[in-house]
Amino acid sequence: MVQMAIELRNVLKQRRNKTIGPLTMNLPRGYITALVGQNGSGKSTLLNLLMQLTNPEEGEIYWFENRYDSGLPLELRQTIAYVPETSITEENHWNAEEAAQFRQHWYPNWDESYFQDLMDRFEVPYHMRLSKMSKGERRKFEIAAALASRPSLLLLDEPSSGLDPFAWKIMIETLLKYMDENNATIIISTHIVEEVRRLADYIMLMHRGELLGMAEKDSLFGTWTEVWVQVAGEEELAELSAELPGGINFTMDTPGVASFIIEQFSKNEKRIQDLGVKVIKSRSLELDEILGLWTQGHRPILIDHKRGD
Amino acid sequence: MWIPVQINENSAEPLYHQIETQLRSLIISGVITEGTLLPSIREFAGDLKCSVITVRRVYQDLENEGLLRTRQGTGTFVSHIGDGAMEEYKRDTVGKALESAVDIGRSVHCSKDELEQIFMEIVERKYRAKE
């Protein structure tokens with residue numbers, strides 16, 4: 001039976017110059033979901049709603065299948081960790097050691113040896129004031145401190161911004177290991193394709209304040225294929241496009257060679273060959289191209305988790 | 001344990017199918033031996049850059065085929081492979097490879113006799129080299 005970590009029902013948040021929502025989604029427990037979308041699409045607002053840093057004007061939010069309209073209880077907050085887009089300023093005057101002491105007070109599951117282990121692996125200085133750290137160092141501290149509280153729900157808002165490639169790799173490996181050893185749930189907002197590839201199970205796309213849906217990563221990456229075929233000219237290409245109603249962007253690339261984008265190539269490949277058309281080459285679309293098509297209304301196969309499925 | 005599965009991102013073949021086919025042949029051909037502990041679902045998914053949903057599906061399919069077994073709390077292991085499965089696998093993989101060779105032959109208009117001749121030449125050459 002699938003348990004839900006987060007559920008949103010018609011959640012609406014009015015911002016000064018834009019509206020986020022209505023958002024409806026179910027996020028199953030035990031998975032990593034990548035939250036993607038352009039700048040200003042509402043990703044950070046969604047994460048803030050999940051932390052109750054801001055409250056919706058309309059709709060309902062459930063945490064682990066419960067509603068808490070009058071504030072998240074402390075015991076629940078202690079199981080949620082959040083790495084915001086910009087670090088909070090309240091801890092600025094502390095060094096990592098002092099900030100860790102403070103957090104330890106609030107998080108009963110705080111794992112000090114795990115924290116120190118992560119700090120060492122990330123090579124973050126212990127005795128430097130947080131405000132004096134470089135952006136990347138501060139980020140690494142935030143990630144280590146979030147994990148050290150041993151959360152059941154981890155919200156990461158562009159966690160890798162400022163990280164060098166070595167630190168990035170450690171972060172990926174650490175998150176995967178944490179998920180392997182704990183029945184946790186991660187929501188990670190990101191623009192980094194490789195991060196989505198390495199981490200995500202599900203991908204959730206936001207666009208202009210709306211949630212366009214949630215797709216299983218591997219199914220999404222396999223949705224569209226660009227295909228190059230041998231055709232005599234425009235006329236033959238027009239005939240071919242009429243036979244392939246799901247295809248888009250039919251273009252003559254050079255004399256004799258045309259390309260187009262098609263869904264479910266594994267099913268359509270034989271059909272193309274049966275029409276007597278020779279396939280020269282094919283490639284799967286990259287994530288940015290897939291998201292581009294998705295925002296233009298070409299929807300992939302979406303997932304709708306129901307409680308108890 | 002690291003499992004040598006190679007993913008082709010541009011293949012039309014669905015990801016779970018690519019992983020399943022390769023893992024099955026690694027087990028049946030004996031590259032991964034009986035009793036081997038496979039990586040956890042999350043670990044394998046991380047290596048292959050796929051989702052845990054895909055790896056779970058592969059493990060479940062191969063468990064249903066009797067190639068894998070899962071022990072609660074310890075992980076997923078390679079089961080004992082019967083001789084029957086081995087024979088079937090041999091016929092299956094060789095058959096498939098020959099079938100695609102024949103398809104290529106037909107696409108360049110080889111006659112049946114020509115194909116047979118090419119096939120026999122290759123067999124002669126390869127087996128002579130071995131002896």
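In this predicted model, four residues of helix H5 in chain A, namely A:Gly136, A:Lys140, A:Ile143 and A:Leu147, meet A:Ala167, A:Met171, A:Thr174 and A:Tyr178 of helix H6(A). By character, the residues of this contact divide into five nonpolar, two polar and one charged. Helix H5 covers residues 135-148 of chain A, and its axis lies 12 Å from that of H6(A), at an angle of about 10 degrees. Angles under 35 degrees count as roughly parallel, and H5(A) and H6(A) are therefore roughly parallel to each other.

It helps to place this helix pair within the whole chain. Chain A contains 11 helices and 14 strands, and its C-alpha atoms fill a box of roughly 70 × 40 × 40 Å along the principal axes. Of its 309 residues, 39% count as buried. Among the contacts in chain A with a separation of 6 or more, 71% come from residues 24 or more positions apart.

Further along chain A, four strands make an open sheet in the order S12-S13-S11-S14, with antiparallel pairing. The edges are held by S12 (248-254) and S14 (278-284), each of which has a single partner strand, so one side of each is left without a neighbour in the sheet. From one strand to the next, the twist averages 25 degrees. Strands of a sheet pair through backbone hydrogen bonds, in either a parallel or an antiparallel sense. Here, S11 (residues 224-230) and S13 (residues 257-263) of chain A are joined in the antiparallel sense over seven bridges. For readers following the register in the structure, A:Glu226 stands opposite A:Ile261 in S13(A).

The sheet also has a helical companion. Helix H10, residues 265-274 of chain A, lies across S11, S13 and S14 of chain A, and runs at about 165 degrees to S14(A). Since angles over 145 degrees count as roughly antiparallel, H10 and S14 of chain A are roughly antiparallel to each other.

Several of these elements reappear where the two chains meet. In total, 19 residues of chain A are in contact with 17 residues of chain B. On the side of chain A that touches chain B, at least two residues each are supplied by H6 (165-181), H7 (193-199), H8 (217-221), H10 and S14. The residues on this side of chain A divide into five nonpolar, five polar and nine charged. Helix H6(A), which packs with H5(A), is thus also one of the elements of chain A that supply residues to the side touching chain B.

Terms used. Residues numbered from 1 in each chain as written. Chains lettered and ligands numbered in written order. Predicted model: local features only at pLDDT ≥ 70, side-chain atom pairs only at ≥ 80, totals over all residues. Pairing = 2+ DSSP bridges. Axes fitted to C-alpha atoms, helices over the stretch in contact; angles between N-to-C directions. Contact = placed C-beta atoms within 7 Å. Nonpolar A, V, L, I, M, F, W, Y, C, P; charged D, E, K, R; others polar. Parallel < 35°, antiparallel > 145°, perpendicular 65-115°, else oblique. Buried ≥ 20, exposed ≤ 12 C-beta atoms within 10 Å, placed from the backbone.
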